[in-house]
Amino acid sequence: MSSAFVKEDDEQWLHDVGPGIHALILYLTKENNGVRVYEKKTYTDAASGKDVHLMSNGLSYAKDEESKWYIF
């Protein structure tokens, strides 16, 4: 019997992605069926003081107090 197997649940969630922008880009590209997602703009939100990253997929992302990504 072969010891090879296929992992059925290879799902990763946004909040599980590492805190670096490169990790976010890799995750978003994978979720976008391999079409490269890139950072278009970074700014600091005046109300929250958080760095916000506008990505080419049309969404903005920021990190919470635990350095976990979320859609801003």
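Q: Leaving aside its neighbours within four places in sequence, with which residues is Asp45 in contact?
A: This is a predicted model, in which local features need pLDDT of at least 70 and side-chain atom pairs count only at pLDDT 80 or more, while totals for chains, interfaces and linings use all residues. Residues are numbered from 1 along each chain as its sequence is written, and side-chain values use heavy atoms, with hydrogens and water left out. Contact means heavy atoms within 4.5 Å, and once the neighbours within four places are set aside, the partners of Asp45 are Lys50, Val52 and Phe72.

Q: Where in the secondary structure is Asp45 placed?
A: Helices (H or I, at least four residues) and strands (E, at least two) are DSSP runs, numbered from the N terminus. The chain has one helix and four strands, in the order α-β-β-β-β along the sequence. Asp45 is in the loop between strand 1 (39–44) and strand 2 (51–55).

Q: How far from Asp45 is the nearest side chain of opposite charge?
A: Asp counts as negative and Lys as positive, and a salt bridge needs a side-chain nitrogen of Lys or Arg within 4 Å of a carboxyl oxygen of Asp or Glu. Asp45 is buried (under 20% relative accessible area, 1.4 Å probe, protein chains only), yet Asp45 has no salt bridge, and the nearest side chain of opposite charge, Lys50, lies at 8.5 Å.

Q: Why does Phe72 count as partly exposed?
A: Partly exposed covers the range between buried, under 20%, and exposed, over 50%. Phe72 therefore counts as partly exposed, because its relative accessibility is 38%.
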